[in-house]
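Please open the structure in a viewer and keep the selection tool at hand. The tour proceeds by stops, each with something to select and a description of what is there.

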Amino acid sequence: MKGNFEFRTRKSNRSLWVIECIDPNCSWRLRASKIVPESTKFVIRKYVGVHSCSLLNRNANHRQATYVVIGEQVAPQYVGVKKGPGPKGVQTFARTELGAQISYYKAWRGRKHAHTLIRGSPEQSFHVLPSYFHMLEKLNPGTVTRIEVDGESRFKYLFLAFGVAIRGFRYMRKVVGIDGTFLKGQYRGVLLVATAQDGNGQCYPLAWGIVDSENEDAWSWFLTQLKEIIGDTDELALISDRAPSIKKAISTVFEKAHHGACAWHVAQNIKNKFKCADIMGSYWSAVNAYRCEDFTGYMIEISNRYPRVAEYLENEVGFEKWSRCHYPGLRYNITTTNMVESLNSMLVNARDFPYVAFLDVIQEKMSKWWNDRRIVATAITTPLTPSRESELRPRFAQSNGRHTSQLNPITYHVKGGELEGVVDIFNKTCTCKEFDIDKLPCVHAVAAAHHAQVSVYSLVSPYYTKEYYLLAYGETIYPVGS
């Protein structure tokens, strides 16, 4: 092919294959036959490797440069990479490596064939999915998989939660972000994700689902499976956008958990609906306000400038859905579903893969995260995770200028700075509310702990500790392999 010499098949059957140059006067030819009649292997019996034909017979638009051949040759370039060459890259590969000039369409088909060789076809993927899930469960004890089919036994939904993530959830704050994103493969579908956030502020994927679309039935099915692995208590917070299908499904499946709206999605709705991007500063201040009196001040700012926005936030969305200080449950410092969005972004290059190949990418990513974070956790020399330690340390310096007085054995009054606070070191609360909501000592709590000669680390939620961080990533996620 590199020499631009084309050949034609003179004879081909189950036991014999004879090819020769397209020029009948050329001496180049090859004859191969089976080693033995019952074998599937052929051996070359005769080969004349020198062309005696004219150079005029050379053709860069090689008839043997089919999309199948191109795909087979370029396939190795898609192994172990995120994306690999596009159709134009395949054209370049064919020209430089094979000496063939091919059309964009043939390059596109060759690329598609290479993907099939590496990742399998969508049809193969559906066929092997039950076996793939069986092996995942066998290699990763406690893993939960589900496949739902319709009345004609056709694929409808799937659900996957690795056992190590299920067991590790006990070391996570009970806040779960859920969201969906479109897939781009031949059969489309929607990826549904549920993730927590670890004590170091990183996403902690709990469950994955693939459904036909983001409708109420699909969300209800996915959330029912999720409920089986994380339970349903009033300590659980579920954060999502305000899509009606999600809202209805959550209210139906989770009777005790509290549902919160993603503050970023609410912000986008405000900008799109009311065209008032200049009010976003006041909105985010209201979102992040720990005290209701501060929240009220920001809402007055919004109301004075955009009364309809204030009405929308209070009556249509509801303060308790997006405001940190009004939330009826405990969502800590998690106000958005960014942790889910980051997972969707990570998988953007795999969204057109067949389902099993797509799930392999998920497993590979999670295996790497668990290993990398376990290494980080092992090397930590402080009681807290790196992000929480860096958050707490400045508060030590800020607390030095505060005046602290003891009110009773467990309560301390801390003055100085922009805001004074009354700290209860036994119940771990402060009138500034930051300690109550984030479960990480505020500057007042740090000052009170110093005055009481109590370790400030004893006031920190265990979810932020090195111990919990290490336990969350203490196990390994194993691949199915080939």
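The stops below concern aromatic rings first and a pair of packed helices afterwards. Please bear in mind that this is a predicted model.

**Aromatic pairs**

A search of the whole structure finds 19 aromatic pairs. Begin by selecting Phe-274 and Tyr-312, whose ring centres are 5.4 Å apart; their planes stand at 65°, so this pair is edge-to-face. Now extend the selection to the helices that carry these rings: Phe-274 belongs to helix α8 (residues 263-274) and Tyr-312 to helix α11 (residues 307-317). The pair therefore ties together parts that are 38 residues apart in sequence. Are these two residues, Phe-274 and Tyr-312, buried or exposed? Both are buried.

Next, select Tyr-463 and Tyr-468. They too form an edge-to-face aromatic pair, with 5.8 Å from centre to centre and 70° between the planes. Tyr-463 has a relative accessible area of 18%; since buried means under 20%, Tyr-463 counts as buried.

**A cluster of rings**

Select Tyr-283, Trp-284, Phe-295, Phe-319 and Trp-322 together. Ring pairs link these residues into a cluster.

**Arginines over rings**

Two further selections show an arginine placed over the face of a tyrosine ring. In one, Arg-324 lies over Tyr-290, at 4.3 Å from the ring centre. In the other, Arg-331 lies over Tyr-327, at 5.0 Å from the ring centre.

**Two packed helices**

Now select helix α15 (residues 386-399) and helix α17 (residues 443-452). Their axes are 8 Å apart, and the helices pack at an angle of about 65°. That angle makes α15 roughly perpendicular to α17, and the crossing of the two is right-handed. Which residues should be displayed to see the contact? On α15 they are Leu-392, Arg-395, Phe-396, Gln-398 and Ser-399, and on α17 they are Val-443, Val-446 and Ala-447.

**The surroundings of α17**

Keep α17 selected. This helix is mostly covered, with seven of its ten residues buried. The buried residues are Val-443, His-444, Ala-445, Val-446, Ala-447, Ala-448 and Ala-449. What covers them? The cover includes helix α15, the elements β12 (403-408), β13 (411-415), β14 (421-424) and β15 (429-430), and also α16 (434-438).

For the last stop, move just past the end of α17 and select Gln-453. This residue takes a positive phi of about 55°.

Conventions: Residues are numbered from 1 along each chain as its sequence is written. This is a predicted model: local features need pLDDT of at least 70, side-chain atom pairs count only at pLDDT 80 or more; totals for chains, interfaces and linings use all residues. Side-chain values use heavy atoms; hydrogens and water are left out. Rings of Phe, Tyr and Trp (its six-membered ring) pair if their centres lie within 6.5 Å; planes under 30 degrees apart count as stacked, over 60 as edge-to-face and the rest as tilted. Helices (H or I, at least four residues) and strands (E, at least two) are DSSP runs, numbered from the N terminus. Buried means under 20% relative accessible area, exposed over 50%, partly exposed in between (1.4 Å probe, protein chains only). A charge sits over a ring if NZ of Lys or CZ of Arg is within 6 Å of the ring centre and within 35 degrees of the ring normal. Axes are lines fitted to C-alpha atoms, for helices over the stretch in contact, and angles run from 0 to 180 degrees between N-to-C directions. Angles under 35 degrees count as roughly parallel, over 145 as roughly antiparallel, 65 to 115 as roughly perpendicular and the rest as oblique. A crossing is left-handed if the near helix is turned anticlockwise from the far one by less than a right angle, and right-handed if clockwise. Contact means heavy atoms within 4.5 Å.
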